[in-house]
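Here's a quick tour for anyone meeting this protein from scratch. Have a look at the picture first, then we'll walk through its hollows and its strands.

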Amino acid sequence: MAYFSDIPEIRYEGGASDNEFAFKYYNPDQTIGGKTMREWLRFSVAYWHTFTMDGSDPFGAPTMQRPWDQYSGMDLARARVDAAFEFFQKIGSDYYCFHDVDIAPEGNTLKESNKNLDEIVGLLKNRMDDTGMKVLWNTANMFIHPRFMHGAATSNNPDVYAYAAAKVKKQLEIAKELGSENYVFWGGREGYESLLITDMGRELDNLASFYHMALDYAKEIGFDGQFLIEPKPKEPTKHQYDYDTASAYAFLQKYGLADDFKINIEANHATLAGHSFEHELHYARVNGILGSVDANQGDLLLGWDTDEFPTDLYSAVLAMYEILKNDGLGRGGLNFDAKVRRTSFEPSDLFHGHIVGMDTFALGLTIAHQMLEDRALEDIIEKRYAGFEEGIGQKIASKQTSFHELEKHAMEATINLSSGRNEKIRGRINQYIRGSVGVPTTAE
C-alpha cells in the first residue's frame, strides 16, 4: 500500500525553486572538499518521530493524521515498515534510526516482545536488501515503561537491571543482523529525582559495569559498530548522569571506557545543558570523541526538549564548521531526532520538515567549507595565540618552564593585551551567510 502517493520524489532544484517538494540547497551529488554532500552529511530519519509520534503532549490529545494508524498491534508495525521505506526513498535519506519499541509493540513478556521484534526485523532486513537503506544506529527504549521509573542500568532493583540487560542484548543482536553502524545509549532514566534516596556511587558503578558487559557481548557476537552515549542534562529525570559531553567523557575516563565510546550530540540537549550546539561539538572534537549528531533545535523560550527541525542557519554553519574540522563524522551521521509541530499534522508536513532540515545543513556545509578554505577564523585564532610560538610562550607550550622562570619573566615584562574583536568576527560570518544566499557581500 502506498501512503504518500501524492508526494513526488524529492530532488534538488536550487535556491530559486518555488517547488515546495524540492531541495533548494541539498544537492547530494555536489562535491565539496573532496566529498559529496551525501558523504559529508549522512542524513538519517528518526523512526520514532516520523512514524510513531502522534502529536499528543501533556496538555492535549493526538493530532497527527497518519494513514497507517488505521491498523493496530503487529498490523500497525508492519504498515509502518511500508510507510517508512516509501518515505526513505522519496526523501532520499540513506539511513534511519530506531528504538526497539518504535518498530514493534512490546508483548506481555520479554519472550513475546522479542518474537515481535524478530518478525519486524525480518521485514526491515528484506527492505534494506532491496533498497540499500542502512541503519545509522539502534537502541533499546528503557525509559517509557513503568518498570524503569527508578532507572534501568542505574535502578535500585536488580531485576530491572537484568531486564534492561536483556533488552540491550537483543538490540545488539539486531544491530549485528541489520549491519547497524553504531549503537546508542541514551540514559533517560539514568539519573535521580532526589539525592535523599540515591546511592550515586553505586548507581554509577553499576552503569559502568553495564556498558562493559555490552562491549563484551558485542565482541562475542562480532558486532563492530561504534558505541555512542547521548548526553542530556534533565527531563525526564531531575539530573541525568550523562549531563553533557564533558560529564559523559569524565565518566568514560573514570571507568576505562574512553577508548570504546564516542558521543552522540543533540543540539536541543546542548541548549538544555546551558551550552551552545557548537560548544558540545567542539569539546567532543578536540577530545577525539565526536561520534554522531542528532540534528534538531530547541525553542530557547521554552525549558524543555521541543525537538524542532533545524532551521537556524547560523547554528548549522558553526556546527558544520566543527564537523568539517573533524573530517566528518566517521561512522556517524546527522539523524533528524526532530518532530513536526503538533499543528503540522498532515503527512506532507513530514516531508517539509525533512526538506528544510536537510537544506539547512547543506547550506551550513557550503558556508562552513568556504570559511575554512579562506581561513576566515583560523588566521584570527593563530594570530591571537602567536605569543605561544616563541620566547616564554613557546616554553609554556612545550612544558619547559617553571614558576621560578615565569615569576622572573613577569617581573620584567610589560603586558600588552589585544582586542578580541568579537563583533568584527561575527560580522565576517554574516558576510559568508549573506553571500551564500545570493545577497552581495559588499554594498553596491
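What volume does the largest cavity have? It comes to about 90 Å³. Keep in mind that this is a predicted model. Besides cavities, there are pockets to explore, plus a closed barrel of eight strands.

**Cavities**

- Count the cavities of 30 Å³ or more and you get five.
- The largest cavity has 13 residues around it, and the ones nearest its centre are Asp100, Glu106, Ser113, Leu117 and Lys167.
- Three helices, α4 (100-103), α5 (110-131) and α6 (158-178), each put at least two residues into that lining.
- Sorted by class, the lining of the largest cavity is made up of six nonpolar, three polar and four charged residues.

**The barrel**

- Follow the eight strands of the closed barrel and the order is β5-β6-β7-β8-β10-β12-β13-β14, with parallel pairing.
- Going from one strand to the next, the twist averages 30°.
- For one pair in detail, take β10 (residues 226-229) and β12 (residues 261-266), which run parallel and are joined over three bridges.
- Leu228 sits opposite Lys262, a residue of β12.

**The largest pocket**

- The largest pocket holds about 1600 Å³ of space.
- Its lining takes in 39 residues, with Ile380, Ile381, Arg384, Tyr385 and Gly420 the closest to the centre.
- Two or more lining residues come from each of α10 (277-286), α11 (313-325), α13 (378-384), α14 (391-397), α15 (403-412) and α16 (422-436).
- As for the mix, the lining of the largest pocket splits into 17 nonpolar, eleven polar and eleven charged residues.

**The second largest pocket**

- Here the space is about 1300 Å³.
- The second largest pocket is lined by 41 residues, and His49, Met53, Asp305, Asp307 and Lys339 are the closest to its centre.
- At least two lining residues each come from α2 (47-52), α4 and β7 (134-139).
- Which element gives the most to this lining? That's α2, with three residues.
- By class, the lining of the second largest pocket has 16 nonpolar, ten polar and 15 charged residues.

**Elements to spot twice**

- Helix α4 supplies at least two residues to the lining of the largest cavity, and α4 also supplies at least two to the lining of the second largest pocket.
- Strand β7 belongs to the closed barrel, and β7 also supplies at least two residues to the lining of the second largest pocket.

Key: Residues are numbered from 1 along each chain as its sequence is written. This is a predicted model: local features need pLDDT of at least 70, side-chain atom pairs count only at pLDDT 80 or more; totals for chains, interfaces and linings use all residues. Side-chain values use heavy atoms; hydrogens and water are left out. On a 1 Å grid over the protein atoms alone, a cavity is a set of points where a 1.4 Å probe fits but cannot get out, and a pocket is an open set with protein on both sides within 12 Å along at least five of seven lines; lining residues have an atom within 4 Å of a point. Grid points are joined across faces, edges and corners, and a volume is the space filled by probe spheres set on the points. Helices (H or I, at least four residues) and strands (E, at least two) are DSSP runs, numbered from the N terminus. Ala, Val, Leu, Ile, Met, Phe, Trp, Tyr, Cys and Pro count as nonpolar, Asp, Glu, Lys and Arg as charged, and the others, Gly among them, as polar. Two strands pair if DSSP finds at least two bridges between them. Axes are lines fitted to C-alpha atoms, for helices over the stretch in contact, and angles run from 0 to 180 degrees between N-to-C directions.
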